[in-house]
Amino acid sequence: MIYIYLFSIIVLVIGAAVFLWFLVWTVIIGDIRGAPFVASRRDKIRLMCDLAGIRSGLRVVDLGSGDGAILFEAARRGADAIGLEINPFLVWFSRIRAKRLGLRDKITILRQDFYSYPLGEVDAVLVYLWPETMDRLRDKFLRECRLGTKIISNAFPIKGWRAIMEKDDVFVYEIK
Ligand SMILES: C[S@@+](CC[C@H](N)C(=O)[O-])C[C@H]1O[C@@H](n2cnc3c(N)ncnc32)[C@H](O)[C@@H]1O
């Protein structure tokens, strides 16, 4: 009997530690590095992809790809989608979902800080991040993105930039 109690306690402690670690990554570390994990709503994801004109042949990147939902929508539309995500749990979860959805060949999910990913080869950059994070990314966009690259931001505009389109708090910018 004592072994069953001991085993249960060990399982509980390990479960609590994993959950706590997940919370630390998802809420605290995500927040400090760019934004905590909050998923974009499905209708917003569809709108982002519509406004960005995402279609076959395009290469798109989601900076902080979370559960991968934006990548799945972009890949269903035929684009090659790259997700950059620091949270190991979300990387693992979204890779499994991509495989289950049969989209693995259209999607690459890297466990990487998005500040260090070069943006020179992408046609569209999708973001749902804190305004301060976008302030930091603004120079990177200008330095690295090709002319014509679209930046699509859910919820927060980029300070000092004029959007070429805006609908329901989705903002579209083009590098000119
Ligand atoms: C608000 S969520 C957006 C998730 C997804 N893009 C969406 O719209 O549903 C922001 C995500 O960015 C990730 N993140 C924050 N800072 C990051 C960084 N410096 N590099 C990579 N990912 C980061 C967080 O872990 C979180 O999953």
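## Exercises on a predicted fold

**Exercise 1.** Work out how strands E2 and E3 pair, and how the chain gets from one to the other.

*Solution.* Start with the pairing: E2 (residues 80-85) and E3 (residues 107-111) run parallel, with 5 bridges between them. Elements here are DSSP runs numbered from the N terminus, helices being H or I with at least four residues and strands E with at least two; two strands pair if DSSP finds at least two bridges between them. Pick one bridge next: Ala81 has Ile107 of E3 as its partner. Now follow the chain: it leaves E2, passes through helix H4 (residues 88-100) and reaches E3, a right-handed β-α-β crossover. Right-handed means that, with the strands pointing away from you, the path from the first strand over the helix to the second runs clockwise.

Some housekeeping: this is a predicted model, where local features need pLDDT of at least 70, side-chain atom pairs count only at pLDDT 80 or more, and totals for chains, interfaces and linings use all residues. Numbering starts from 1 along each chain as its sequence is written.

**Exercise 2.** Describe the shell around the ligand.

*Solution.* Count first: 25 residues surround the ligand (C-beta atom, placed from the backbone, within 6 Å of it). The closest are Gly34, Ser40, Gly64, Gly66 and Tyr128. Then ask which elements give two or more residues: helix H1 (2-33), helix H3 (69-76) and E2. Finally, sort by type: 13 are nonpolar, 8 polar and 4 charged. In this scheme Ala, Val, Leu, Ile, Met, Phe, Trp, Tyr, Cys and Pro are nonpolar, Asp, Glu, Lys and Arg charged, and the others, Gly among them, polar.

**Exercise 3.** Find out what is odd about the backbone at Asp168 and Asp169, and whether these residues are buried or exposed.

*Solution.* Check phi: Asp168 has a positive value of about 45° without being a glycine, and Asp169, also not a glycine, has about 65°. Locate them: Asp168 sits in the loop between strand E6 (165-167) and strand E7 (170-174), and Asp169 lies in the loop between E6 and E7 too. Count neighbours: Asp168 has 10 C-beta neighbours inside 10 Å, so it counts as exposed; Asp169 has 12, so it is exposed as well. The cut-offs, with C-beta atoms placed from the backbone, are 20 or more others within 10 Å for buried, 12 or fewer for exposed, and partly exposed in between.

Methods:
Near = placed C-beta within 6 Å.
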